[in-house]
Every structure is written in C-alpha cells, then in structure tokens.
Amino acid sequence: IPICERSNTSMSKHDYLSGVNYGLHESVRIHKWANIAGELVCGHDVRIDAFVTITGKVRLGDRCHIATGACIFGGAGVTMGDGCSLSPGAKIFTATDDVRSELLANPQLVETYVKSGMVVVGNFSVIGANSVVLPDVVIGHEVQIGACSVVRSDIPDNQVWGGLPAHYICGRQKLDRAAMMQYEIPYNTGA
C-alpha cells in the first residue's frame, strides 16, 4: 500500500451524537468515543471530541469545546464558563495525592491523604494542549494558559500564563464577549 493512501478511519459529523442522548440540549455534540461518567451539565452548542474523559460533577457553559484526549476529573466539581476551551491532552484534576503527607499515596490503600478542591474556569478562557490544572484553582475570565503548563494557583482575569509551574507572562486585551456569543455556528463538529 502506498504510504500516501489514507484509511477511511477519519472522524466525520456522523461520529458525533446529539446531547439529547445524554439528557442534554440538542445543540450539544458528543463524540461516540468520548467517556462520560458522572453528572455532566452543559449549555448550548458544546462540543466534546473523541477520547475525552469526563467524570464527577462537571458544568460546561455555552459554546465550550473539550478537545480530543482532554480529561476532566471532577469529583470535587468543575465549572467552565461560556466560550471556554480545553485543548488536546489537557487535564483538570479536582483531587490529587498530597505528596507532603506522611501517609501513603495510593487509592487502593487505607491510609492515604488526598488534596481536593473545586476548579473554576472563567468565560472565554483557554487551557493549552497537554496542560494540567491542579485542585482548588480559580482561573479568571479570558485567560490563556500556554501548552504544557501546570496551573497550581489562582489566575486573575485577562492574563496569559504558562510554564512549569505556570507563571504570569503578559496581560491580554479584553474581549467583546457579547459579539463572540452572537455568531451562528454553521456546523458543530470538528470534522
């Protein structure tokens, strides 16, 4: 087989299911290979791509996009505002082992200590590819998190952060939120 031939395995609009199948609004699109377990609440025009894992209590605002391979572990609760994006491979954790504890860190053992807390992401914020957001963090409105960052503290509105650990890089111009929510989405699947 010539190397330039492609198999017919690419995703299409037919791979996305209506949110109605999950008890959500009909404008929500969830890829058939997404893994949804827990209490998911979505606004309108939300898209969840293939190989996404969502667990726990998760609330997504209007027009959110959860990209391929992203994970939201929302045991302590995750809220993402309108127009947010979780880029490919990014992860949000609401619980993690506390390595500073003298107790063991393994969920299969009796004596463990877990640090947990809700994560909130403000409107029109983007979490870059392969980034990690740790528990008990509030990310403000219109924040951009650079790729491969680890967010372990709160971030104010209208800022760009990145790095390991994530740190302030620069300010960000305020968006016209109303204008961004008014345009029509002609086709709500990434394929």
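Here are some questions and answers about this predicted model.

Q: How many strands are there in the protein chain?
A: Let's start with the overall make-up of this predicted model. Alongside one helix, the protein chain has strands numbering 19.

Q: Which strands are the edge strands of the open sheet?
A: Nine strands make up this open sheet, with mixed pairing, and their order is 1-2-4-6-8-13-16-18-19. An edge strand here pairs on one side only. That describes strand 1 (16–18) and strand 19 (167–171).

Q: Which residue of strand 19 stands opposite valine 160?
A: Strand 18 covers residues 159–162, and strand 18 and strand 19 pair over four bridges in the antiparallel sense. Across from valine 160, in strand 19, stands cysteine 170.

Q: What percentage of the residues of the protein chain count as buried?
A: A residue is called buried when its relative accessible area is under 20%. The protein chain has 191 residues, and the part that counts as buried is 38%.

Q: Which residues have the most contacts inside the largest nonpolar core?
A: In soluble globular proteins, nonpolar side chains tend to be buried together. The largest nonpolar core in this model has 34 residues. Strand 3 (35–42), strand 5 (53–60), strand 7 (71–80) and strand 12 (119–121) each give at least two residues to this core. The residues with the most contacts inside it are Ile48, Leu60, Ile72, Met80 and Ile92.

Q: Leaving aside neighbours within four places in sequence, which residues is isoleucine 72 in contact with?
A: Isoleucine 72 is one of the residues with the most contacts inside the largest nonpolar core. With neighbours within four places in sequence set aside, its contacts are Thr53, Ile54, Thr55, Val58, Leu60, Ile66, Val78, Met80, Leu86 and Ile92.

Q: Is threonine 94 buried or exposed?
A: Threonine 94 sits in the loop between strand 9 (91–93) and strand 10 (95–97). Beyond four places in sequence, its contacts include Gly75, Gly77, Lys115 and Pro135. Its relative accessibility is 2%, and the cut-off is under 20%, so threonine 94 counts as buried.

Q: Which backbone atoms does the side chain of threonine 94 lie close enough to for a polar contact?
A: A polar contact needs N or O atoms within 3.5 Å. The side chain of threonine 94 reaches one backbone oxygen at 2.9 Å, and a polar atom of that side chain lies 3.0 Å from a backbone nitrogen. These are the backbone oxygen of phenylalanine 73 and the backbone nitrogen of alanine 76.

Q: How far apart are the C-alpha atoms of threonine 94 and leucine 134?
A: Along the chain, threonine 94 and leucine 134 are 40 residues apart. In space, their C-alpha atoms are separated by 6.5 Å.

Q: Why is the pair of phenylalanine 73 and phenylalanine 93 stacked?
A: The whole structure holds two aromatic pairs. In the pair of phenylalanine 73 and phenylalanine 93, the ring centres are 5.2 Å apart. Phenylalanine 73 lies in strand 7 and phenylalanine 93 in strand 9, so the pair ties together parts 20 residues apart in sequence. The pair is stacked because its planes meet at an angle under 30 degrees, namely 25°.

Q: To which residue does the backbone oxygen reached by the side chain of serine 125 belong?
A: Serine 125 lies in the loop between strand 12 and strand 13 (126–127), and is buried, with a relative accessible area of 1%. Its contacts beyond four places in sequence include Cys84, Ile139 and His141. At 3.4 Å, its side chain reaches the backbone oxygen of glycine 122.

Technical notes: Residues are numbered from 1 along each chain as its sequence is written. This is a predicted model: local features need pLDDT of at least 70, side-chain atom pairs count only at pLDDT 80 or more; totals for chains, interfaces and linings use all residues. Side-chain values use heavy atoms; hydrogens and water are left out. Two strands pair if DSSP finds at least two bridges between them. A nonpolar core is a set of buried Ala, Val, Leu, Ile, Met, Phe, Trp, Tyr and Cys residues joined through side-chain atoms within 4.5 Å. Buried means under 20% relative accessible area, exposed over 50%, partly exposed in between (1.4 Å probe, protein chains only). Contact means heavy atoms within 4.5 Å. A polar contact is a pair of N or O atoms within 3.5 Å; within protein, one must be able to donate a hydrogen and the other to accept it, and residues adjacent in sequence count only if both atoms are side-chain atoms. Rings of Phe, Tyr and Trp (its six-membered ring) pair if their centres lie within 6.5 Å; planes under 30 degrees apart count as stacked, over 60 as edge-to-face and the rest as tilted.
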